[in-house]
Amino acid sequence: MAGFPERFFAREDESPDAGFYRQARLVTHIDDATIAALTDFYAEFLPRRSRVLDLMSSWVSHLPDLEYARIAGLGMNAEELAANPRLTDYVIHDLNEQPTLPYEDASFDRAVVAVSVQYLAQPIEVFTDLSRVLAPGGRVAVAMSHRCFPTKAILAFRALPPSDRIRLVGSYLYRAGFVEVNALDRSPENADPLWIVTGDCPAVERSS
């Protein structure tokens, strides 16, 4: 990918992701205190009655107990998504195989990615198309911690220190056309770290 070191987005296991994610994993990847911190952040970030896209979703979305107009989940395992009680609808979709999202333009007001961005092999393409399915002025929040499936994480996330990973995700959003890109540290004491990168879609209509 232009502008990045060679093999930056390579993975130890380059076999099709469908095989790796065929088995449901009904586990969480951050501890309880960090889950609570992420839920608190979502309560601030997600307006009531907004249309939310849970990108790279699983069996739990860590959302607050508030009412939303829609919570759509996009993930890799049907059993995990079916077990998620917060989703109003879901779709199985491999973003590394097809970075174009299966949604119409301006379908959502907010998008969230929870502790999964390290698995994207085509992140610029994914976030560029995400800007299409977000309404003008829509926002995305990418939450990160320090755990991963190492064989499926890109080389950059296994090699870079946390501060550089945060900057890397910020660069994804900038390159994808997001504005007001910011990084937050919401890590609880004596718990898993929680870093969040946010970005906004320009508050103008797309030209036809």
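This passage walks through the overall make-up of the protein, then its helices, and then a few residues in its loops.

The model described here is a predicted one. The protein counts 208 residues, and 51% of them are buried. Its secondary structure adds up to six helices and seven strands. Read from the N terminus, these elements come in the order α-α-β-β-α-β-β-α-β-α-α-β-β. As for how the chain meets itself, take the contacts with a separation of 6 or more: residues 24 or more positions apart account for 68% of them.

Helix α2 is a good place to start. This helix covers residues 32-45. With 14 residues at 1.5 Å each, α2 should span 20 Å, and its end C-alpha atoms are indeed 20 Å apart, so the two figures agree. The buried residues here are T34, I35, A37, L38, T39, F41, Y42 and F45. Among the elements that cover them are the strands β4, β5, β6 and β7. The spacing of such residues can be read against a general rule. An α-helix has 3.6 residues a turn, so residues three or four places apart point the same way.

Further along comes helix α4, residues 123-133. Nine of its eleven residues are buried, so α4 is largely enclosed by the rest of the structure. The list runs P123, I124, V126, F127, D129, L130, S131, R132 and V133. What lies over these buried residues includes β1 (51-55), β4, β5 and helix α6.

Helix α6, residues 162-175, is thus part of the cover of α4. From its first C-alpha to its last, α6 reaches 20 Å, close to the 20 Å expected for its 14 residues at 1.5 Å a residue. On the buried side of the account are R165, I166, L168, V169, G170, Y172 and L173. These buried residues pack against α4, β5 (134-144), α5 (155-159), β6 (179-185) and β7 (195-200). After α6 comes G177, which has a positive phi, near 100°.

How do α4 and α6 sit against each other, and at what angle do they pack? Two packed helices are described by the angle between their axes and the distance between the axes. For this pair, the angle is about 50° and the axes are 8 Å apart. That makes α4 oblique to α6. The crossing, as α4 passes α6, is right-handed. On the α4 side, the residues that meet α6 are P123, I124, F127 and T128, and their partners in α6 are Y172, L173 and R175. Sorted by class, the contact is made of five nonpolar residues, one polar and one charged. Several of these residues have come up already: P123, I124 and F127 are among the buried residues of α4, and Y172 and L173 are among those of α6.

Away from the helices, a few loop residues are worth a look. S116 sits in the loop between β4 (108-114) and α4. Its relative accessibility is 11%, so S116 counts as buried. Leaving out residues up to four places away in sequence, S116 touches M56 and A143.

L87 is another buried loop residue, with a relative accessible area of 13%. It lies in the loop between α3 (78-82) and β3 (89-92). Once neighbours within four places in sequence are set aside, L87 is in contact with D54, S57, S61, I71, A72, G73 and L81. One of these partners, G73, is 14 residues from L87 along the chain, and the C-alpha atoms of the two are separated by 6.1 Å.

Two more loop residues stand out for their backbone angles. Most residues other than glycine have a negative phi, and most peptide bonds are trans. A106, in the loop between β3 and β4, has a positive phi near 55° without being a glycine. N190 also has a positive phi near 55°, again in a residue other than glycine, and its place is in the loop between β6 and β7. Are these residues buried or exposed? A106 is partly exposed, at a relative accessible area of 30%, while N190 is exposed, at 82%.

Conventions: Residues numbered from 1 in each chain as written. Predicted model: local features only at pLDDT ≥ 70, side-chain atom pairs only at ≥ 80, totals over all residues. Heavy atoms only, no water. Axes fitted to C-alpha atoms, helices over the stretch in contact; angles between N-to-C directions. Helix = DSSP H or I, 4+ residues; strand = E, 2+ residues; numbered from the N terminus. Parallel < 35°, antiparallel > 145°, perpendicular 65-115°, else oblique. Left-handed = near helix turned anticlockwise from the far one by under 90°. Contact = heavy atoms within 4.5 Å. Nonpolar A, V, L, I, M, F, W, Y, C, P; charged D, E, K, R; others polar. Expected span 1.5 Å × (residues − 1). Buried < 20%, exposed > 50% of the residue type's maximum accessible area, 1.4 Å probe, protein only.
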